[in-house]
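Trainee: I would like to take a close look at a single part of this model and then see how that part sits within the whole. Could you go through it slowly, with the cut-offs stated as they come up?

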Amino acid sequence: YTKGRHLYGLNLAKKNSEKMKRILVVEGYMDVIALHQAGFTNAVAGLGTALTSEQASLLSRYASEIMIAYDADEAGQKAATRALQIFKNTPAKIKVLRLSGGKDPDEIIKNYGVEKMKAIISGAANEIEFALLREHSKYDLASDDGKRQYLKSAIEILSNVGAVELDIYASRIADELAVT
(Lines give C-alpha, C1' and ligand atoms only; values in the text may rest on other atoms or scores of the structure.)
Protein backbone atom coordinates (compact mmCIF):
# COMPACT_ATOMS: atom_id res chain seq x y z
CA TYR A 1 0.00 0.00 0.00
CA THR A 2 1.34 3.39 -1.05
CA LYS A 3 -0.63 6.56 -0.25
CA GLY A 4 0.51 8.30 -3.42
CA ARG A 5 -1.13 5.69 -5.63
CA HIS A 6 -4.63 5.74 -4.14
CA LEU A 7 -7.49 8.22 -3.80
CA TYR A 8 -10.01 8.49 -1.00
CA GLY A 9 -13.55 7.97 -2.32
CA LEU A 10 -12.59 6.67 -5.76
CA ASN A 11 -14.21 3.31 -5.00
CA LEU A 12 -17.53 5.12 -4.47
CA ALA A 13 -17.08 7.65 -7.26
CA LYS A 14 -16.42 4.86 -9.79
CA LYS A 15 -19.88 3.45 -9.12
CA ASN A 16 -21.52 6.60 -10.44
CA SER A 17 -20.82 6.10 -14.14
CA GLU A 18 -22.95 9.07 -15.25
CA LYS A 19 -20.94 11.59 -13.24
CA MET A 20 -17.63 9.84 -13.77
CA LYS A 21 -17.09 11.84 -16.91
CA ARG A 22 -16.08 14.49 -14.38
CA ILE A 23 -14.21 14.03 -11.10
CA LEU A 24 -13.86 16.63 -8.36
CA VAL A 25 -10.47 16.43 -6.66
CA VAL A 26 -10.41 17.96 -3.19
CA GLU A 27 -7.81 18.23 -0.45
CA GLY A 28 -9.37 16.41 2.45
CA TYR A 29 -11.52 13.53 3.57
CA MET A 30 -14.14 15.82 5.09
CA ASP A 31 -14.56 17.60 1.77
CA VAL A 32 -15.19 14.25 0.06
CA ILE A 33 -17.69 13.22 2.72
CA ALA A 34 -19.53 16.57 2.59
CA LEU A 35 -19.65 16.53 -1.20
CA HIS A 36 -20.93 12.94 -1.33
CA GLN A 37 -23.59 13.72 1.29
CA ALA A 38 -24.67 16.73 -0.81
CA GLY A 39 -25.03 14.57 -3.92
CA PHE A 40 -21.65 15.23 -5.55
CA THR A 41 -20.69 11.57 -5.58
CA ASN A 42 -17.82 12.14 -8.01
CA ALA A 43 -15.49 13.66 -5.39
CA VAL A 44 -12.16 12.14 -4.39
CA ALA A 45 -9.14 13.23 -2.33
CA GLY A 46 -5.49 12.34 -2.02
CA LEU A 47 -4.62 10.23 1.01
CA GLY A 48 -2.80 12.83 3.05
CA THR A 49 -0.30 13.51 0.29
CA ALA A 50 0.17 16.04 -2.46
CA LEU A 51 -1.22 14.89 -5.78
CA THR A 52 1.12 12.47 -7.52
CA SER A 53 1.54 11.61 -11.19
CA GLU A 54 0.25 8.11 -10.40
CA GLN A 55 -2.95 9.58 -8.95
CA ALA A 56 -3.35 11.91 -11.93
CA SER A 57 -2.95 9.00 -14.32
CA LEU A 58 -5.47 6.95 -12.36
CA LEU A 59 -8.03 9.76 -12.41
CA SER A 60 -7.64 10.34 -16.13
CA ARG A 61 -8.51 6.69 -16.75
CA TYR A 62 -11.91 7.21 -15.13
CA ALA A 63 -12.87 10.71 -16.26
CA SER A 64 -12.33 12.99 -19.23
CA GLU A 65 -12.63 16.12 -17.07
CA ILE A 66 -10.89 16.71 -13.75
CA MET A 67 -12.00 19.60 -11.57
CA ILE A 68 -9.55 20.69 -8.89
CA ALA A 69 -11.37 22.02 -5.83
CA TYR A 70 -8.54 22.72 -3.45
CA ASP A 71 -8.86 25.09 -0.51
CA ALA A 72 -9.16 28.81 -1.21
CA ASP A 73 -6.15 29.68 0.97
CA GLU A 74 -2.70 30.35 -0.47
CA ALA A 75 -1.47 26.81 0.23
CA GLY A 76 -4.48 25.34 -1.56
CA GLN A 77 -4.01 27.61 -4.55
CA LYS A 78 -0.33 26.73 -4.79
CA ALA A 79 -1.27 23.04 -4.62
CA ALA A 80 -3.80 23.62 -7.43
CA THR A 81 -1.07 25.23 -9.54
CA ARG A 82 1.19 22.20 -8.94
CA ALA A 83 -1.69 19.84 -9.76
CA LEU A 84 -2.24 21.60 -13.09
CA GLN A 85 1.37 20.83 -13.99
CA ILE A 86 0.98 17.18 -13.01
CA PHE A 87 -2.19 16.79 -15.08
CA LYS A 88 -0.44 18.17 -18.20
CA ASN A 89 0.86 14.64 -18.77
CA THR A 90 -2.67 13.20 -18.94
CA PRO A 91 -5.35 13.39 -21.63
CA ALA A 92 -7.93 14.82 -19.21
CA LYS A 93 -9.39 18.31 -19.53
CA ILE A 94 -8.54 20.21 -16.33
CA LYS A 95 -10.47 22.98 -14.59
CA VAL A 96 -10.04 24.72 -11.26
CA LEU A 97 -12.90 25.75 -9.02
CA ARG A 98 -12.86 29.26 -7.59
CA LEU A 99 -14.11 28.65 -4.08
CA SER A 100 -15.87 31.76 -2.85
CA GLY A 101 -17.76 32.01 0.39
CA GLY A 102 -15.63 29.49 2.25
CA LYS A 103 -12.20 28.01 2.61
CA ASP A 104 -13.15 24.58 1.21
CA PRO A 105 -16.08 22.67 -0.32
CA ASP A 106 -17.21 21.38 3.08
CA GLU A 107 -17.53 24.91 4.48
CA ILE A 108 -19.26 26.22 1.35
CA ILE A 109 -21.87 23.46 1.45
CA LYS A 110 -22.48 23.96 5.19
CA ASN A 111 -22.76 27.76 4.90
CA TYR A 112 -24.44 28.23 1.52
CA GLY A 113 -25.84 24.90 0.39
CA VAL A 114 -25.76 22.68 -2.66
CA GLU A 115 -26.87 25.35 -5.16
CA LYS A 116 -23.85 27.54 -4.35
CA MET A 117 -21.55 24.56 -4.88
CA LYS A 118 -23.26 23.81 -8.21
CA ALA A 119 -22.71 27.43 -9.27
CA ILE A 120 -19.03 27.23 -8.32
CA ILE A 121 -18.64 24.03 -10.35
CA SER A 122 -20.37 25.67 -13.33
CA GLY A 123 -17.97 28.61 -13.12
CA ALA A 124 -14.78 26.54 -13.02
CA ALA A 125 -11.76 28.12 -14.68
CA ASN A 126 -9.43 26.54 -17.19
CA GLU A 127 -5.67 26.72 -16.66
CA ILE A 128 -5.25 30.10 -18.35
CA GLU A 129 -8.20 31.66 -16.53
CA PHE A 130 -6.93 30.29 -13.22
CA ALA A 131 -3.48 31.82 -13.75
CA LEU A 132 -4.97 35.16 -14.77
CA LEU A 133 -7.34 35.19 -11.80
CA ARG A 134 -4.49 34.48 -9.39
CA GLU A 135 -2.56 37.44 -10.78
CA HIS A 136 -5.70 39.60 -10.90
CA SER A 137 -6.21 39.18 -7.16
CA LYS A 138 -2.70 40.42 -6.37
CA TYR A 139 -3.16 43.96 -7.65
CA ASP A 140 -5.28 47.04 -7.00
CA LEU A 141 -6.79 47.46 -10.44
CA ALA A 142 -8.34 50.80 -9.49
CA SER A 143 -4.86 52.31 -9.71
CA ASP A 144 -2.82 52.79 -12.86
CA ASP A 145 0.17 51.14 -11.20
CA GLY A 146 -1.92 48.10 -10.27
CA LYS A 147 -3.23 47.85 -13.83
CA ARG A 148 0.29 48.09 -15.21
CA GLN A 149 1.60 45.39 -12.89
CA TYR A 150 -1.32 43.09 -13.67
CA LEU A 151 -0.90 43.63 -17.39
CA LYS A 152 2.79 42.71 -17.16
CA SER A 153 1.87 39.49 -15.38
CA ALA A 154 -0.94 38.76 -17.84
CA ILE A 155 1.39 39.28 -20.79
CA GLU A 156 3.79 36.74 -19.33
CA ILE A 157 0.98 34.19 -18.90
CA LEU A 158 -0.41 34.81 -22.37
CA SER A 159 3.00 34.62 -24.03
CA ASN A 160 2.73 30.82 -23.76
CA VAL A 161 -0.68 30.34 -25.38
CA GLY A 162 -1.90 29.89 -28.94
CA ALA A 163 -3.21 32.68 -31.16
CA VAL A 164 -6.90 31.94 -30.49
CA GLU A 165 -6.46 31.92 -26.71
CA LEU A 166 -4.33 35.04 -26.91
CA ASP A 167 -7.05 36.88 -28.81
CA ILE A 168 -9.79 35.76 -26.41
CA TYR A 169 -8.01 36.60 -23.18
CA ALA A 170 -6.24 39.75 -24.39
CA SER A 171 -9.58 41.15 -25.57
CA ARG A 172 -11.24 40.24 -22.26
CA ILE A 173 -8.48 41.89 -20.22
CA ALA A 174 -8.43 44.99 -22.43
CA ASP A 175 -12.19 45.42 -22.00
CA GLU A 176 -12.02 44.89 -18.25
CA LEU A 177 -9.20 47.38 -17.74
CA ALA A 178 -10.36 49.84 -20.42
CA VAL A 179 -7.08 49.65 -22.36
CA THR A 180 -6.37 48.92 -26.00
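Trainee: Does glutamine 77 count as buried or exposed, and at what relative accessibility?

Mentor: A word first on what we are looking at: this is a predicted model, in which local features need pLDDT of at least 70 and side-chain atom pairs count only at pLDDT 80 or more, while totals for chains, interfaces and linings use all residues. Residues are numbered from 1 along each chain as its sequence is written, and side-chain values use heavy atoms, with hydrogens and water left out.

Glutamine 77 counts as buried, at 15% relative accessibility, where buried means under 20% relative accessible area, exposed over 50%, and partly exposed in between, with a 1.4 Å probe and protein chains only. Its place is in helix α4; helices (H or I, at least four residues) and strands (E, at least two) are DSSP runs, numbered from the N terminus. If neighbours within four places in sequence are left aside, glutamine 77 is in contact (heavy atoms within 4.5 Å) with Tyr70, Asp71, Ala72, Phe130 and Arg134.

The helix that holds glutamine 77 also gives the most to the largest nonpolar core, with five residues. Such a core is a set of buried Ala, Val, Leu, Ile, Met, Phe, Trp, Tyr and Cys residues joined through side-chain atoms within 4.5 Å. This one has 24 residues, and those with the most contacts inside it are Ile23, Val44, Leu59, Ile66, Ile68, Tyr70 and Phe87. At least two residues of this core come from each of α1 (10-13), β2 (22-26), α3 (53-62), β4 (65-69), α4 (74-87) and β5 (93-96). Apart from this core lies another, of 17 residues, among them Ala43, Met117, Ile120 and Ile121. In soluble globular proteins, nonpolar side chains tend to be buried together.

Isoleucine 68 shows the surroundings of one core residue in detail: beyond its neighbours within four places in sequence, its contacts are Val25, Ala80, Ala83, Leu84, Phe87, Ile94, Lys95, Val96 and Leu97. In α3, the buried residues are Gln55, Ala56, Leu58, Leu59 and Ser60, and what covers the buried residues of this helix includes β1 (7-8), α1, β2, β3 (43-46), β4 and α4.

Two further residues complete the picture. Leucine 151, in helix α8 (residues 144-158), is partly exposed, with a relative accessible area of 23%, and, with neighbours within four places in sequence left aside, it is in contact with Ile173, Leu177 and Val179. Serine 137, placed in the loop between α7 (127-136) and α8, is exposed, with a relative accessible area of 60%; its C-alpha atom is separated by 19 Å from that of serine 171, 34 residues apart along the chain.

As for the whole, the protein has nine helices and five strands, which follow the pattern β-α-β-α-β-α-β-α-β-α-α-α-α-α along the sequence. Of its 180 residues, 44% count as buried, and residues 24 or more positions apart account for 63% of the contacts with a separation of 6 or more. The radius of gyration, taken over C-alpha atoms, is compared with a globule rule of 2.2 Å times the number of residues to the power 0.38; with 180 residues, a compact globule would have a value near 16 Å, and the protein's 17 Å agrees with that.
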